[in-house]
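Hi everyone, thanks for having me. Let's look at a structure together and take it one piece at a time.

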Amino acid sequence: MNLATDKIGEVLLVMPEGQINSANAAGIEADLMAQIDKGAQKVVLDLGRLDYISSAGLRVVLVLAKKLKQLSGSLVLCNIQPQVREVFDISGFLAILTVTDTREQALQKLA
């Protein structure tokens, strides 16, 4: 699992690659919370290179969304691969999270 990040204006772009599962979810959550603690309040999760997400990974996304909401921040997901989108859909997360097709749309939502 590789977790690349980039800063575009005041938006933190997070690009996980590979899988988010029970083996690495805690570390990913710690990395993301550290970014929030450093002041990131607008976050785009670009899931274009994420092949798999487990329930532990879904929990990380939910924790991130709740933390940002507490701080009056925002989370937008984009580029979700079909097999990962299905997991988000079945779990009901697509109904509670902001999701766009492209990174550009996600950045526009946070502008």
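Let's begin with Leu32. Setting aside residues within four places of it in sequence, Leu32 is in contact with Leu3, Val14, Val60 and Leu64. Before I go further, please keep in mind that this is a predicted model.

So where does Leu32 sit? You'll find Leu32 in helix α1, which covers residues 25–37. Is Leu32 buried or exposed? Its relative accessible area is 5%, and buried means under 20%, so Leu32 counts as buried. For a sense of distance, take Arg85, which is 53 residues from Leu32 along the chain: the C-alpha atoms of Leu32 and Arg85 are 21 Å apart.

Now meet Glu29, which also belongs to helix α1. With 16% relative accessibility, Glu29 is under the 20% cut-off and therefore counts as buried. Beyond its neighbours within four places in sequence, Glu29 is in contact with Arg59, Val60 and Val63. You may recognise Val60, since Leu32 is in contact with Val60 as well.

Let's move to the strands. Together, β2, α1 and β3 form a β-α-β unit, and this unit is right-handed. Strand β2, residues 11–20, runs parallel to β3, and 4 bridges join the two. Within that pairing, Leu12 is opposite Val43 of β3. On to another partner of β3: strand β5, residues 74–78, pairs with β3 in the parallel sense over 5 bridges. Here Val43 has Leu75 in β5 as its bridge partner.

Why can we call β3 largely enclosed by the rest of the structure? Because 4 of the 5 residues in this strand, which spans 42–46, are buried.

That brings us to the nonpolar cores. In soluble globular proteins, nonpolar side chains tend to be buried together. In this model, the largest nonpolar core has 27 residues, and Leu64, Leu75, Leu77 and Phe88 have the most contacts inside it. At least two residues of this core come from each of β2, α1, β3, β4, α2, β5 and α3. Which element gives the largest share? That is α2, with 6 residues.

Have a look at Leu77 too. Leaving out neighbours within four places in sequence, its contacts include Leu45, Val61, Phe88 and Val99. Apart from the largest core there is another one, of 7 residues, including Leu13, Val44, Cys78 and Ala106.

That's my tour, and I'm happy to take questions!

Terms used. Residues are numbered from 1 along each chain as its sequence is written. This is a predicted model: local features need pLDDT of at least 70, side-chain atom pairs count only at pLDDT 80 or more; totals for chains, interfaces and linings use all residues. Side-chain values use heavy atoms; hydrogens and water are left out. Buried means under 20% relative accessible area, exposed over 50%, partly exposed in between (1.4 Å probe, protein chains only). Contact means heavy atoms within 4.5 Å. Two strands pair if DSSP finds at least two bridges between them. A crossover is right-handed if, with the strands pointing away from the viewer, the path from the first strand over the helix to the second runs clockwise. A nonpolar core is a set of buried Ala, Val, Leu, Ile, Met, Phe, Trp, Tyr and Cys residues joined through side-chain atoms within 4.5 Å.
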